[in-house]
Amino acid sequence: MKRTWWKEAVVYQVYWRSFLDTNGDGYGDLEGVRRKLPYIKELGADVVWLNPFYVSPDKDNGYDIADYYRVMDKAGTMEDFERLLEEAHAIGLKVILDLVVNHTSDQHPWFLEAKTSIDSPKRDYYIWHDPINNKVPNNWRSYFAPSCWEYEEKSKQYYYHSFAVEQPDLNWENEDLRNEIYTMMRFWLDKGIDGFRMDVINLLAKRKDLSDVENPYDLSYLANNPGIHEYLQEMNEQVLRHYDCMTVGEIPFVTPAEGALYVDESRHELDTLFHFQIADEMPTWDMLRFKEIQREWYKGLKGRGWNSQFLNNHDHTRQVTRYGNDKEHRVASAKMLATLTHTLPGMPYIYQGEEIGMTGVGFDSIDDYQDIAMKNRYNEEVAKGRDAEEVLSSLQLLSRDNSRTPMQWNGRREAGFTDSSPWMTVNPNFVNLNVETDLQQEDSVFRYYQKLIQLRKSNDALVYGAFKDLLPENLIVHAYERRLKEDKFVIVLNHSNENMPLPLSIDIRNIALQNVLNDTDILKPYEARIYKTKNVF
């Protein structure tokens, strides 16, 4: 496989509305991101991924776009973005944007015009269907609602939405619509951005068979439908291949064999992908399943395409809370999980705050949550008669708000995020857990991330090296190797609260990096060791 800049890069995801507020409205903004670019650079990241900042009614935190060409007031102005982009490039950072083209807002001019008449030129930009037996066309659900169909009174038809009612899906079968999207992509690439993270990109093609599904809660029928690869190959031909940019597709409901179709370098679709087998199948840590997933994806993409490594993002609970120990072993487990994502095959992603070990939250009331998916599910379950406290408790761990609380910059008012009232409640542990405090400690989570990133950048074996699981059946310890030519790394991770015997015979003097001080053959809780040795042929 060819070497590229993006395969060697580390991506830092900025959920800007929770990053830094500079104008006192309680929301983070693009100016806040600009001011913190040196912080991201100091960490060692190469690429900044910005979540959507386009004009939006904000029903789904910017993923309901009403104008692809303008910046929403909460985020700032186009001049703010252009200054951010210029300064990022000046210090060697690349910038990628969210591309949200499965759906728009119901306030987008296309949809407003489509609603005016069934004969509107924009009508076919969206997906409409007559009632069947005076009811919804089928039993399909959306991610955020009990049905993916919403009745439109004027035309007596239903429109299709994979997410919120306010997010009608686009009809990618319409060539004019596709060309509008390609024009918009060129607009941003011509401004100088370095690529796109593509939101639920494998949902663009819709299932032709509208019959009911046996299990509507298994939403896989929304994705990977015939025609999707033709759309992406056309997008690549029309737009992407003309720019030195990177693309990462958010692609739920895929196996490694299916995922390879999206990123196989010979197929000219996407560069890399996010799959969600870990996030979807592991609400809590499952060592054997995790190892199996890694082996399957390595085998499925080997020599063909590139993977991504992440354990949390703006949609998934902070990794130290979900998969580590966010109490007595918070620091060690934060470093151990970082070791995992930065040494497995693929591109590592850092979600803001992860680099200091920020934790999830457990608000006492549903009123403190902003997550539309969680709130809709809560109301649906309570309406069925379930106990409200029980429902809240069951939804808390996986609520998207766990990762959306404001960035904790210091121990002062509102964690230094804003000098007014924040759009979302700050995690109360900010007093002791914050960037300012972390940077003052030599053995902090942030300093460990720096060393880890530098180790990967200095050793091609950790980027391009072959992967081998050394302990596939061990329930507690994960050990694997990365090999390239004469260089070999062995990574050993104790994923538990207990001391564990080192299950491999390896010289302690060969340690290149470890997250706790320990020179014995007993691994401490959440200990991570990276050994560097010479490969014996």
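This is a short tour of a predicted model, with a few selections to make in your viewer.

**Stop 1: two helices side by side**

Start by selecting residues 330-343, which form helix H11, together with residues 445-457, which form helix H15. The axes of H11 and H15 come within 10 Å and cross at roughly 20°. Angles under 35 degrees count as roughly parallel, so H11 and H15 are roughly parallel to each other. Turn the view until one helix lies over the other, and you will be looking at a right-handed crossing of H11 and H15.

Now show the side chains. Which residues make this contact? On H11, pick Val331, Ala334, Lys335, Ala338, Thr339, His342 and Thr343. On H15, their counterparts are Val445, Tyr448, Tyr449, Leu452, Ile453 and Arg456. If you colour the residues of the contact of H11 with H15 by class, you should get eight nonpolar, three polar and two charged.

**Stop 2: a pair at an angle**

Next, select helix H3 (residues 78-90) and helix H5 (residues 175-191). Here the axes are 11 Å apart, and the helices pack at an angle of about 50°. That angle makes H3 and H5 oblique to each other.

To see where H3 and H5 meet, display Met78, Phe81, Glu82 and Leu85 in H3, then add Phe187, Trp188 and Lys191 in H5. Sorted by class, the contact of H3 with H5 has five nonpolar and two charged residues, and no polar ones.

**Stop 3: Tyr378**

Move on to helix H12, residues 372-383, and centre on Tyr378. Is Tyr378 buried or exposed? Its relative accessibility is 13%, and buried means under 20%, so Tyr378 counts as buried.

What does Tyr378 touch? Leaving aside residues up to four places away in sequence, select Ile366, Ala388, Val391, Leu392 and Leu395. For a sense of distance, draw a line from the C-alpha of Tyr378 to the C-alpha of Leu462: the two are 43 Å apart in space and 84 residues apart in sequence.

**Stop 4: the cysteines**

Finish with Cys148, which is buried, at a relative accessible area of 0%. Then go to Cys245, which also counts as buried, at 10% relative accessibility.

How many disulfides does a search of the whole structure find? The search finds zero. A disulfide is a covalent bond between the sulfur atoms of two cysteines. With zero disulfides found, there is no such pair to pick out in your viewer.

Technical notes: Residues are numbered from 1 along each chain as its sequence is written. This is a predicted model: local features need pLDDT of at least 70, side-chain atom pairs count only at pLDDT 80 or more; totals for chains, interfaces and linings use all residues. Side-chain values use heavy atoms; hydrogens and water are left out. A disulfide is a pair of cysteine sulfur atoms within 2.5 Å. Buried means under 20% relative accessible area, exposed over 50%, partly exposed in between (1.4 Å probe, protein chains only). Axes are lines fitted to C-alpha atoms, for helices over the stretch in contact, and angles run from 0 to 180 degrees between N-to-C directions. Helices (H or I, at least four residues) and strands (E, at least two) are DSSP runs, numbered from the N terminus. Angles under 35 degrees count as roughly parallel, over 145 as roughly antiparallel, 65 to 115 as roughly perpendicular and the rest as oblique. A crossing is left-handed if the near helix is turned anticlockwise from the far one by less than a right angle, and right-handed if clockwise. Contact means heavy atoms within 4.5 Å. Ala, Val, Leu, Ile, Met, Phe, Trp, Tyr, Cys and Pro count as nonpolar, Asp, Glu, Lys and Arg as charged, and the others, Gly among them, as polar.
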